[in-house]
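Subject: Two-chain model, handed over with notes

Hi there,

Here is the structure I promised to pass on. Have a look at it first, and then read on for what I found.

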Amino acid sequence: MNASYLPYVLAGVGLTLAVAVGALMLSTLLGIVAAAARLSSHRLPRALATAYATLIRGVPDLVLMLLIFYGGQIAVNAIVQRLGWGGETGSIDIDPFVAGTVTLGFIYGAYFAETFRGAMLAVPVGQSEAALACGMSRVQVLTRIVLPQMVRHALPGFTNNWLVLVKSTALVSVIGLTDLMYRAKQAGAASRAAFFYFVVAAAIYLAITSVSMLALRAIEQRHHRGVRA
Amino acid sequence: MDFETLLQPDTLKLYASGIGVTLELLAVALLAGVVLSMPLAVARASKSRLLSLPVAAFTFVLRGTPLLVQVYLVYYGVAQLDWVQARWDAVWPWMWFKAPLFCTLVAFGLNTTAYTVELVAGAIRETPHGEVEAAQAFGMTRATLMMRIVLPSALRRALPGYGNEVILMLHATSIASVVPGIVDITGAANGVYATTYLPFEAYIAAALIYLVLTFALVLALRWIERRALAHLRRPGGRTGLAPTAPDDAHPA
C-alpha cells in the first residue's frame, strides 16, 4: 500500500471544515430571516420565504451547486461586461471556495428555516405579546425574546441539519475545490490505492460527525437546565 | 435565457433517457433497501447485544459518511483491490464490479438500507407493550409474533418517515452523475451544458424535472399513507400521525 499521499489528503480537512462552518453561519442567518418571514403577518415576505423553502428542498443539492457555480459565473460575466469592468478579458472569475460556501449556505438556509419556524412556534405567543406591550420593536421582540427562547427547541433539528451539511460539503469537490474528498480522489488515482484513501476520507468524515454529535448533545443538555420534564 | 436550444429533439431525448436512469436507480436502490433492512431492523431492535450492535455499527458508519465517499469507495476503491481484480474476469459475483451502474447501486442500496433500518427499528421499539403481551398470552412463538403482530403495525407507523427517505433518495441519485458512464437527469444536464455552454438553461431544466418528480412522489406517498394508516384516522379526516414531506425536518 502506498500511504505517501496521506499528508496531502489530510491537508484538505481544513478546507472541508472551513466550507462547512462558513456555510453553517450563512445558512443559520438565512434560516432565521426566512423563518421570521414565514411567520410574518405580511403576505409578500411569507410568499417569498415559502417559495424559497419549497423550491430549494425539491431539488438535489448537487444540481443547485452546479447551477449556481456555472450559471453564476455567466451571470457575473454578463454584469461585469455591462458595467465595463474586469479589464481586458471582460470577466471576473468566481472563487470556487466562495461559490461552494455560498451555495451550501443558500441551500441549507431552506432546511434551517423549517427548523427555526417550528422552534419559533414553540415559544408561547404571550411572550412576544408581552414584549410588544412593553413597547419593544418587532426586531427587539425577535432578537431579545423569541430567539433566546427558541434555541432549546431548535437544537435537535439544528444538529440534524449540521450533520447533513457536513456530509454535503463533499460535493464541493465536484466543482473543483481541493477539499478532503477531492484530495482523496487524486491521491487514490495517483497511488493506485483508492480503497485506502477513500477509507481514510470516510473515517475523517465519521470523526467530524461523531464529535459534533457529542458536542451538540452536551449543548442541548445545557439548554435544558431548569426545564421540568 | 435561451430555452429554444434546449428544445432540440436530441436534447429532449437526452433528458428523457436521464429520467429513465434516475427512476431506475431510485427503484432498484429502494427495493434493495427495503429487502435488506427488514431482517437488519429486527436485529437492530433486538434485546440481544450480539444482534443489535453489529447492525448499529453498520448504520453509524453509513449514516455518518457522505454518500459521495461511499460511491467512490465502491466504484474506484473496490475495483482497485488486487483481490477483486484477480476474480472479476471469471468469478461470480465479482465480475459485476466492472459495471459502473452496479457499483453505484451497491453504494445507494447500502446507504438507503442504513437509514431505513433505523426508521423501522424505531417503529418496532414503539410497538405498544399490550399488543406484544396479548400475542404472547395466545402462545405465539417469537417469529409468529414478529411476523403477525409487530411488523405489520410497525411498518405502517414507519411510513411517514420512509416517505421522506424516498424523496431524499431521489435527490441523492443525482450523485450518480459523477460516475463515468452513468447519465441520469443531472448527467444529462452536464452533457447539455458541455455541448451548448448554457449552464442556466441546462441545470434549470434538470431542477424543474426533479421538482416535478418530487411533487409527484409526495402526492403518491400521501395517498399510500392515507390508505395504509386509515385505521388511525381521526374523525376530522387527518391521520393520527404527523404529516409527512414536504414540511418535515431532514433526517441526518
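Before the first helix, one definition: the expected span of a helix is 1.5 Å times one less than its number of residues. Please also keep in mind that this is a predicted model.

With that in hand, take helix α2 of chain B, which covers residues 49-64. This helix has 16 residues, and its first and last C-alpha atoms are 21 Å apart, close to the 22 Å expected at 1.5 Å a residue. Which of its residues are buried? In α2(B) they are B:Val55, B:Thr59, B:Leu62 and B:Gly64. Their packing partners come from both chains: α9 (194-223) of chain A on one hand, and α1 (9-44) and α5 (100-125) of chain B on the other.

One of those partners deserves a closer look. Two packed helices are described by the angle between their axes and the distance between the axes. For α1(B) and α2(B), the axes come within 7 Å and cross at roughly 120 degrees. An angle of that size makes α1(B) oblique to α2(B). On the α1(B) side the contact is made by B:Leu40, B:Ala43 and B:Arg44, and on the α2(B) side by B:Leu51, B:Ser52, B:Val55 and B:Ala56. Sorted by class, that contact has five nonpolar residues, one polar and one charged. B:Val55 turns up twice here, as a buried residue of α2(B) and as part of the contact with α1(B).

Now the chains as a whole. Chain A has nine helices and zero strands, and its pattern along the sequence reads α-α-α-α-α-α-α-α-α. The C-alpha trace of chain A spans about 65 × 55 × 30 Å along its principal axes. Chain A has 229 residues, and 42% of them count as buried. If you take the contacts in chain A between residues at least 6 apart in sequence, 75% join residues at least 24 apart.

Chain B also comes to nine helices and zero strands. From the N terminus on, its elements run α-α-α-α-α-α-α-α-α. Its C-alpha trace spans about 70 × 55 × 25 Å along the principal axes, and buried residues make up 41% of its 252 residues. Among the contacts in chain B between residues at least 6 apart in sequence, 73% join residues at least 24 apart.

How many residues does each chain bring to the contact between them? Chain A gives 39 residues and chain B gives 35 residues. On the side of chain A that touches chain B, the elements giving two or more residues are α3 (43-57), α4 (61-83), α5 (96-121), α7 (138-168), α8 (180-191) and α9. The largest share of that side, 10 residues, comes from α9(A). By class, the side of chain A that touches chain B has 24 nonpolar, 10 polar and five charged residues. You have met α9 of chain A already, as one of the elements that the buried residues of α2(B) pack against.

Within chain A, have a look at helix α2 (residues 13-38) and α7(A), whose axes come within 11 Å and cross at roughly 135 degrees. These two helices are therefore oblique to each other, and α2(A) passes α7(A) in a right-handed crossing. A:Ala20, A:Ala23, A:Leu24 and A:Ala36 in α2(A) meet A:Leu142, A:Trp162, A:Leu165 and A:Val166 in α7(A). By class, this contact has eight nonpolar residues, no polar and no charged ones.

Finally, two single residues in chain A. A:Ala18 sits in helix α2 of chain A. Is A:Ala18 buried or partly exposed? It counts as partly exposed because it has 15 C-beta neighbours inside 10 Å, and a residue is buried if it has 20 or more. A:Ala18 and A:Phe97 are 79 residues apart in sequence, and their C-alpha atoms are 9.2 Å apart in space.

A:Val102 lies in helix α5 of chain A and is partly exposed, with 18 other C-beta atoms within 10 Å. The C-alpha atoms of A:Val102 and A:Val123 are separated by 30 Å, with the two positions 21 residues apart along the chain counted as their distance apart.

Best wishes

Methods. Residues numbered from 1 in each chain as written. Chains lettered and ligands numbered in written order. Predicted model: local features only at pLDDT ≥ 70, side-chain atom pairs only at ≥ 80, totals over all residues. Helix = DSSP H or I, 4+ residues; strand = E, 2+ residues; numbered from the N terminus. Buried ≥ 20, exposed ≤ 12 C-beta atoms within 10 Å, placed from the backbone. Contact = placed C-beta atoms within 7 Å. Axes fitted to C-alpha atoms, helices over the stretch in contact; angles between N-to-C directions. Parallel < 35°, antiparallel > 145°, perpendicular 65-115°, else oblique. Nonpolar A, V, L, I, M, F, W, Y, C, P; charged D, E, K, R; others polar. Left-handed = near helix turned anticlockwise from the far one by under 90°.
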